[in-house]
Amino acid sequence: MRIRTVVNNETLDLEISLSNSLLELLRDILGLTGTKKGCDFGGCGMCTVLVEDKPVFSCITPAWRAEGKRITTIEGVGIRDNHHLHPIQAEMLKNFAFQCGYCTPSMVLVAKSLLQENPSPTEQEVKEALSGVICRCTGYSRYVKAVLAAAETMKKGLELDI
Amino acid sequence: MFNPIELRKPSTLLEAVSDLATYGFDARIIAGNTALYELAAQGGLDDVHILIDSSRLGLDYIRSGTDGRLHVGATTTFSQLAKNKHCLQGRNAALGEAASRISPPQIRNMGTIGGSISIGLPFLDMPVTLLALDAEINVMSKDGRKTIKIDDFFVDYFTTALNPEDLITEIVFPEEDGSSEKKEEERGGNSQRSVGFSAFIKIGRTTVDFAVINCAVCLEIERHESKSKSPLVEKARVALGCVGNKPIRRRDIEALLENSELNRATIESAALLPVDFEPSPSIHASPSYKKKMITVSVREALYTLLDRMNSATPIS
Amino acid sequence: MLTQQKQTVAVGLSIERIDGIPKVTGRALYTRDIKLPHMLYAKIKRSNHPFARIINVNCSKAQELNGVKTFVVGKDFAPMSNEDTPPLARDRVQYLGQAVVAVAADNLQIAERAAELVEIEYEPLPALLEPMLSMSAGSPILSPGLNNFRNVGNYLHIIKGNVNDGFSKADLIIENEFSTVAESQFQMEPLSFLARPDTDGGVTLWATSSGTSKVKYEVSSYLRLDPRKVRVLITFLGGWFGSKEENHLSAVCAALALKSKRPVKLELTRAETMTASGVRHPSIISIKDGISRGGVIIARAIRATYDGGAYGSLGNLMVKNAVMTASNVYSIPNFEVEVYRVYTTRVPGSAKRAPLGFQMAFAIESQMDSVARRLNLDPVDFRLRHVLRNGELNSMGEETIGMSYEVALSKVAKEIGWKASEPPLEYPWKKGKGIALAAKWGYSAPNQASVRVNADGSIDVFAPIIENGQGTYTGILQLVAEEFRIPVEMVNIASLIEGSSSEWGIGTGARASQQMANLGPAVIAACKEAKRSIAHVAASALGVDETDIAVEDGKIYSLSKPSRQMKIKDVFIQGSILLGSPIYVPPHGHGEFRGSSTYLKKIGHFDPKNGQLEDGRASPYYITVAQAIELAVNIETGNVKVMKVAAAMDVGKAINPELVRGQIEGSVMMGLNAALSEELIFSEGSIVNANLADYKLLTSLDTPEILPFILETPYEQGPWGARGAGEASILPTAAAVRNAVYDATGKWINSLPITPEKIVES
């Protein structure tokens, strides 16, 4: 079947199969391998993407649900340049938030969605937002620290814009 | 092997129920899709060839009806429930609480209230909550509309009172202040009405987990003007999940609570009523531990309710 | 010497990860992300019996399926001389989930369908699901050569003094039994392999593996291939933790590719990964202590039985982990430890962060608290009374060197407020504090490295480095940058091929907390040799002796006459390629400015009768770790909320302190998971909770405040004094939790995991 969807601000007409998951659409059809597969049924969070700015598990979202929707993956965050990382990415780097990097794209996306909705989250709110992404390398606390720091940076940035 | 061959995308309820009537067991309604692929992998959907998308039916709403009751569309997500003020206060507080305890956030963004009751899994958080809140399930099929009382809705593992051609349209909760028309008539038009409170308690192994025991309690108390008096329970619904093939009510506890004043002594005796049934074991917990957690969760729910009643503004 | 007096430019600094930008932007490639044109997909048919003879394998129905290309079975692989784990089962299956047949097809759906259609006829045999059953007389023998050993695959015994004498002199005997369960490594990236047949009859493999050398050796042996024709590439790894030690699926993937003459991708599901990775060995460990009237342990006997599961390829190394953990930390005059690793028909026991040592440390540190509390002594003071002092001999007769037990223990006790009196928590929560201490040994094996100096002063490193998240890419570059006193950005890992670690040189890879300690010295030696080769050329130009020359920050200068200097570029000869821009080549006669080195720290020998060290050292170094934990227990539900963990680890030298802290924090978190939640539950040999709904892992909402403390008692031979950092900090965590739960509730839980149910029901 054919669907029209918007992935990382690009409108795409795609041929998919009814049994495809959104994860398969992204990884296998579009080659956007920044979204990872970790379990198979929405348990680990590696496959998290944003649909209309809200985090969902793409491995259990049917690809056809992308019809008419705005999808954001890690490839659509920041600019792929050393100097133009999104503040969340920059803070994760600075805070040594991650190790193996496999969960990092998902962590960036859930943080992005959180800060968009709640620019001044408490530590508990950050932990809640990250709780759907399992990280096996770290103790999570550096991710939490990085998101809180990014919130500060982004608020300052916003003030400057005004 | 799960091999869907057609996707139906009805945009009206009539189209949807017509599709259901046409395809019956061959079709499945797709709501949040959070459990579908896992069921498929276990071979549970090998006979399903038609998918019916429920996302265009306009069923994602939460509104106070003209009848004074809360109407929640079947495809309303847990995230919506967890944020809506109607679901966070008074008689419906347990609804928002239960929704916010469904974890993690990605699942709250995807899963729907209708989906989580229609699948018929007794350990989920919505079934037990709706049972306590005395919800009604509005259902539509080609033959028309009907309402299923929540007490009649859950039947067995993966089995509910729904027929294959039925579509849940909405879940309706009693008036927020709890009193029904009938009760008012019984009191001969007396202006004294009852007021409802509810609480949801979930015990799991870790923070993000399915429940080992989940418990929802809804109490309707006589509206009182002074805080000094213990609230008088008029009606109680105490529901438990994770104990068997469907969520159950503790009618022994309800009977003890009704017409009693809710205070420490009542709560303790209610919570300590012996659990005279054997909760089903799971790999998460033994029946013995579950029994203890039933006592703990009922007690915690009742104390939570007492706190809420005491801090609620008395309304004359 | 000179460089050590100067401020360092790289070593000891928390330099940002060099793999950071690819990872944070999602561009980092993992094996699962790589596709090749005309690639086939593989699927494995697994055993549904814990123990059975294979009567017949019939692929004919599967073969008929459109799109099916090829199959491989057990007999397609040569048996390996010193290893009994077959990539695919040959004559019999020894655990449920064991790989039997592999199929390659045009796409994954067809491969899956084909695997379903493969028919295997079994003759079931009575399963041996527990070590006690497996060791009993008359049980079938699970590995050739074990006939006289009743399925005990590995056994180690250390004897010091005479425990029976000690027990008879003791005033009090305290004996406890501790048990641990199977856990999954649960690295976030499921196992994946990609093999491409090469034109010379060889194969190129991308594998989620911890080291290139091991894969090359295994694949070439199993497939009877010239090792030079097996090329191994290891991409970024999505976590490791031991998950890739025991699987031999690289060989299966390679065999399918060679047979089908097409690239083949083998991607395991999560549930398959949980089986194929092997599990943490379940264990039963009993400890008997004889204690004198003065409150001193004068005799200790430990007997540990580990369920090794169906195979045992790393069993020798792993039982060593157990005795090394048991034989250090405390000075006990009469001591004995016996370790058994027993074959059963369960999923193989494999490596998981500090394998076997973790279980042993849980038992010992639990026992220390049980004894201290029984004697009404403070657990910290009681431990300090017994810790080995530097210079003392440990239980293997090895001198204790460079350990910091007292410092580490005191540090974490202070940070957690060990003796502080604090207000009680609100009902139903009760606060508890627990402490534990341990030491992790350091595995030793050869590692090779080479560096090449470029005319612009930049350095190319060639080394078999594996990056699984721990940060070794960054750490190794820091060593090189320091040697040449240049920014890290000027160092490049040139042995990477398309971003993957290649099989350049011999290396141990990322395992056993040793990559920095074993590869680091090779890298530094290579740098020094390269500098000597520059000095050789520069000496005549500067008119000074070779030994008088330093290479620093792109400059070459005389130490005695610093004004005599030149740029690195000046030791090169300028040339050009046709009409292009000038290039710089090393002068004739030298070829290039390069240094190479192989590093191997030799290990001593043991007396086989009593396990006492005869010469040399048992381990090049040990890593001291201590942890103190503060937690709250909900005494109604049994839920545990860990609030704070103070964790000290003596790494000798933190080449990159933030990366080391990351290892401490990650180890603690994994230890908390094991302490509180992780357990693979088996039914008739089958894992019933191979999914995240039922195999619970802690999330960001469960994470405590972790305070990592780095101690730096140098390890003389380590790079800048560094030891390993990857595993040690998991050793004390579970016992510290158990001891804190006792402090809160008065209940001793002697089996892992310490679930809410156990706390309530005990």
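Which residues of S11(B) are buried on one side, and which on the other? Keep that question in mind while you load the structure, which is a predicted model, and begin the tour in chain B.

**Stop 1: a strand in chain B**

Select strand S11 (194-203) of chain B and colour its two faces separately. On one side you will find B:Ser194, B:Gly196, B:Ser198, B:Phe200 and B:Lys202, on the other B:Val195, B:Phe197, B:Ala199, B:Ile201 and B:Ile203, and all of these are buried, which leaves both faces of S11(B) covered. The strand is thus mostly covered, with ten of its ten residues buried.

Now widen the selection to the sheet around this strand, an open sheet of four strands in chain B with the order S11-S12-S13-S14 and antiparallel pairing. S11(B) and strand S14 (248-249) of chain B stand at the edges, each with a single partner strand, so one side of each is left without a neighbour in the sheet. In general, the strands of a sheet pair through backbone hydrogen bonds, either parallel or antiparallel.

To follow one pairing in detail, add strand S12 (residues 213-222) of chain B, which pairs with S11(B) in the antiparallel sense over ten bridges. Two places are worth labelling: B:Val195 stands opposite B:Ile221 in S12(B), and B:Lys202 stands opposite B:Asn214 in S12(B).

**Stop 2: the helix across the strands**

Next select helix H4 (residues 93-101) of chain B, which lies across S11 and S12 of chain B and runs at about 15 degrees to S11(B). Is this helix enclosed or open to the outside? Nine of the nine residues of H4(B) are buried, so the helix is largely enclosed by the rest of the structure. Among the buried residues of H4(B) are B:Leu95, B:Glu97 and B:Arg101. If you show what covers them, you will meet S11 and S12 of chain B again, and the cover also includes helix H3 (78-83), H5 and helix H7 (125-132) of chain B.

**Stop 3: where chains B and C touch chain A**

Show chains A and B together, where the contact takes 20 residues from chain B and 20 residues from chain A. On the side of chain B that touches chain A, the elements that give two or more residues are helix H2 (36-41) and helix H5 (105-110) of chain B, and H5(B) supplies the largest share, five residues. The residues on this side of chain B divide into twelve nonpolar, seven polar and one charged.

Then switch to chains A and C, whose contact takes 43 residues from chain C and 42 residues from chain A. Here the elements of chain C that give two or more residues to the side touching chain A are helix H2 (20-24) and helix H16 (657-676), with H16(C) giving the most, seven residues. By class, this side of chain C has 17 nonpolar, 16 polar and ten charged residues.

**Stop 4: a core and a helix pair in chain C**

Staying with chain C, select C:Val103, C:Leu205, C:Cys253, C:Val480 and C:Val523, which touch the most other members among the 397 residues of the largest nonpolar core. The largest share of this core, 14 residues, comes from helix H15 (residues 515-542) of chain C. If you centre the view on C:Leu205, the residues it touches include C:Phe193, C:Val215, C:Leu233 and C:Cys253.

Now find helix H12 (residues 379-386) and helix H13 (residues 405-416) of chain C, whose axes come within 10 Å and cross at roughly 175 degrees. That angle makes H12(C) roughly antiparallel to H13(C). The contact is made by C:Val380, C:Arg383 and C:Leu384 of H12(C) and by C:Glu406, C:Leu409 and C:Ala413 of H13(C), and these residues divide into four nonpolar, no polar and two charged.

**Stop 5: a sheet and a serine in chain C**

Select the open sheet of three strands in chain C, which has the order S4-S2-S6 and antiparallel pairing. Strand S2 (residues 52-58) of chain C is joined to S4(C) by two bridges, and C:Arg53 has C:Arg92 as its bridge partner in S4(C).

Finish at C:Ser350, in strand S17 (residues 349-350) of chain C. Is C:Ser350 buried or exposed? With 29 other C-beta atoms within 10 Å, C:Ser350 is buried, because the cut-off for a buried residue is 20 or more. As a last step, draw a line from C:Ser350 to C:Ser366, which is 16 residues apart from it along the chain, and note that their C-alpha atoms are separated by 24 Å.

Note on methods
Residues are numbered from 1 along each chain as its sequence is written. Chains are lettered from A and ligands numbered from 1 in the order in which they are written. This is a predicted model: local features need pLDDT of at least 70, side-chain atom pairs count only at pLDDT 80 or more; totals for chains, interfaces and linings use all residues. Two residues are in contact if their C-beta atoms, placed from the backbone, lie within 7 Å. Ala, Val, Leu, Ile, Met, Phe, Trp, Tyr, Cys and Pro count as nonpolar, Asp, Glu, Lys and Arg as charged, and the others, Gly among them, as polar. Two strands pair if DSSP finds at least two bridges between them. Axes are lines fitted to C-alpha atoms, for helices over the stretch in contact, and angles run from 0 to 180 degrees between N-to-C directions. A nonpolar core is a set of buried Ala, Val, Leu, Ile, Met, Phe, Trp, Tyr and Cys residues joined through C-beta atoms within 7 Å. A residue is buried if 20 or more other C-beta atoms lie within 10 Å of its own, exposed if 12 or fewer, and partly exposed in between; C-beta atoms are placed from the backbone. Angles under 35 degrees count as roughly parallel, over 145 as roughly antiparallel, 65 to 115 as roughly perpendicular and the rest as oblique. Lists of a residue's contacts leave out its neighbours within four places in sequence.
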